[in-house]
Amino acid sequence: MIPAQNASVDEGAPPRFRLLSALSYCAPLIVNGVALPFFPVWLAVHKFTDHEIGVILAVPMVVRVLVAPIVAMYADRMEERADVLLWSGGLSLLTAIALYWTTTFWPVLIVYSIQGATFAPYVPIVESIVISGVRRWGLDYGSMRVWGSIAFIVSTMIGGEMIGVWGGNMVLPVMIFGFATTMAMAIYCPRIGPTRRRNVPVDLQQATGSSLRQPHLLVLLWGVAIQQSSHALLYAFASIYWHQLGFSGTQVGILWSAGVASEVMVFFISKHLNRRFNAWTLIRIGCAMCICRWVLFPMHWSFAGFFFLQCFHSCTYAFVHTGVQRRIVASVQATQESSAQGAYFFYNGMFMGLMTLASGYLYAWLGLASYYVMALVAAIGMTLVFVAYYLQPQSSPSGGKTREAS
């Protein structure tokens, strides 16, 4: 039996759960809204080369993906997953403060890599808590996830304005504020108990064989991770390139916000999209748009043109992410929610880290033509998505109800 206190939490949870889950999403994306577009600018201010920027951005990604699945599996065995968030936010805050005393390559690489490890479990644990709400009460994932994207837009816009006025050295203070916010939100994150019944051991061999190791799910996660890794060049060098074109800090912030704003629109209408399209269709549309995005990016665009291209993010990320979350809910047992999110995070982070490392060399060698390489990477990811579709059990190559159900 599930203890009474958990039952009472479940009974009145949905309204409070929606609010606290939305706020929990906001905290890490406040950090990402500054670090993702503007930390490369901070590195450029301190005269790091393209190769060094690629390495500094890539190594923490690899560290993250090694740490996140381990912590996520541990969280699945805890009485309360949300407790991990407080440690993650607090240790990350200390590393952000430590960056004030690091302005050369090796110290920055070490401290930023430690930050990658400490912050790694935050988003997967929040995702697993939200997915628990989707599974238990039939809540809409997009309506909660959307607030994190809004937080990203706000922090990017404010960060861009501050950098435009005071320069790239403003990146660290804003990051510190963001990590302090993650600690505050960790305190109020929903406490909904363990992912399994207490005192009932999990048969890991049976659970893994029937869910996380399903061939179609693994190939899908690999394909999506490769497709998402094609964004690495954009994340690493777009802000620097836009600054070189003469765009102000505010304009760069607007360009990043345009991508996330389009993502927000997808999450707002996710219920309608889910009724109209199955998960596989959303993922395939996103992959196809990703190829188009990188083919178009190297062309000579005005601010308005780049604004339009950034709106492709609604498909290249939001469609794909929403579709994958639906497939995880359909394929993975409730006892493995955190582990599944950790695996998704692992593959995304591993391929993103490798591609970010490669992007430093590609950009130094090919310049804007590197985006054509990213289009090829996205095409490889899309191919694996099609393979995963046909690997589903109880489906035939001619197509069937089982494959199109979710």
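**Notebook: loops, helices and one cavity**

I began with Y100, which I found in the loop between α4 and α5 (105-119), where helices are DSSP runs of H or I with at least four residues, numbered from the N terminus. I note that the model is predicted, that local features need pLDDT of at least 70 and side-chain atom pairs pLDDT 80 or more, and that totals for chains, interfaces and linings use all residues. Residues are numbered from 1 along each chain as its sequence is written, and side-chain values use heavy atoms, with hydrogens and water left out.

**Y100 and the surface patch**

I looked up the accessibility of Y100 and found 43% relative accessibility, so Y100 counts as partly exposed (buried is under 20%, exposed over 50%, partly exposed in between, with a 1.4 Å probe and protein chains only). I also followed Y100 to L172, which is 72 residues away along the chain, and the two C-alpha atoms are separated by 7.5 Å.

Y100 belongs to a nonpolar surface patch of about 750 Å², which is made together with W87, L91, L94, I97 and W101. Such a patch joins nonpolar side chains within 5 Å, from residues with over 30% relative accessible area and no salt bridge (a Lys or Arg side-chain nitrogen within 4 Å of an Asp or Glu carboxyl oxygen). I placed another member, W87, in helix α4 (residues 83-98), and W87 counts as exposed because its relative accessibility is 65%.

**K47**

I next turned to K47 in the loop between α2 and α3 (50-75), and found that K47 has a positive phi of about 70 degrees although this residue is not a glycine. With a relative accessibility of 71%, K47 counts as exposed.

**Helix α3 and distant parts of the chain**

I looked up two residues of helix α3, namely A58 and V65. V65 is buried, with a relative accessible area of 0%, and A58 counts as buried at 2%. I then traced a distant partner for each: V65 and G353 lie 288 residues apart in sequence but 8.7 Å apart in space, C-alpha to C-alpha, while A58 and G360 lie 302 residues apart in sequence and 9.2 Å apart in space, again from C-alpha to C-alpha.

**A369**

I found A369 in the loop between α17 (337-366) and α18 (370-391), where A369 counts as partly exposed at 32% relative accessibility. The C-alpha atoms of A369 and M299 are separated by 9.4 Å, with their positions 70 residues apart along the chain.

**The cavity**

I counted one cavity of 30 Å³ or more, a cavity being a set of points on a 1 Å grid where a 1.4 Å probe fits but cannot get out, with lining residues having an atom within 4 Å of a point. The largest cavity has a volume of about 1200 Å³, taken as the space filled by probe spheres set on the points.

I found 44 residues in its lining, and N32, L36, R64, Y235 and F345 lie nearest the centre. Helix α2 (residues 13-45) gives the largest share of this lining, eight residues. By kind, the lining residues divide into 27 nonpolar, twelve polar and five charged, with Asp, Glu, Lys and Arg counted as charged, Ala, Val, Leu, Ile, Met, Phe, Trp, Tyr, Cys and Pro as nonpolar, and the others as polar.

Technical notes. On a 1 Å grid over the protein atoms alone, a cavity is a set of points where a 1.4 Å probe fits but cannot get out, and a pocket is an open set with protein on both sides within 12 Å along at least five of seven lines; lining residues have an atom within 4 Å of a point. Patches are made of residues with over 30% relative accessible area and no salt bridge: like charges are joined within 9 Å, nonpolar side chains (Val, Leu, Ile, Met, Phe, Trp, Tyr) within 5 Å. Accessible areas come from the Shrake-Rupley method with a 1.4 Å probe; for residues, only the protein chains shown count as cover.
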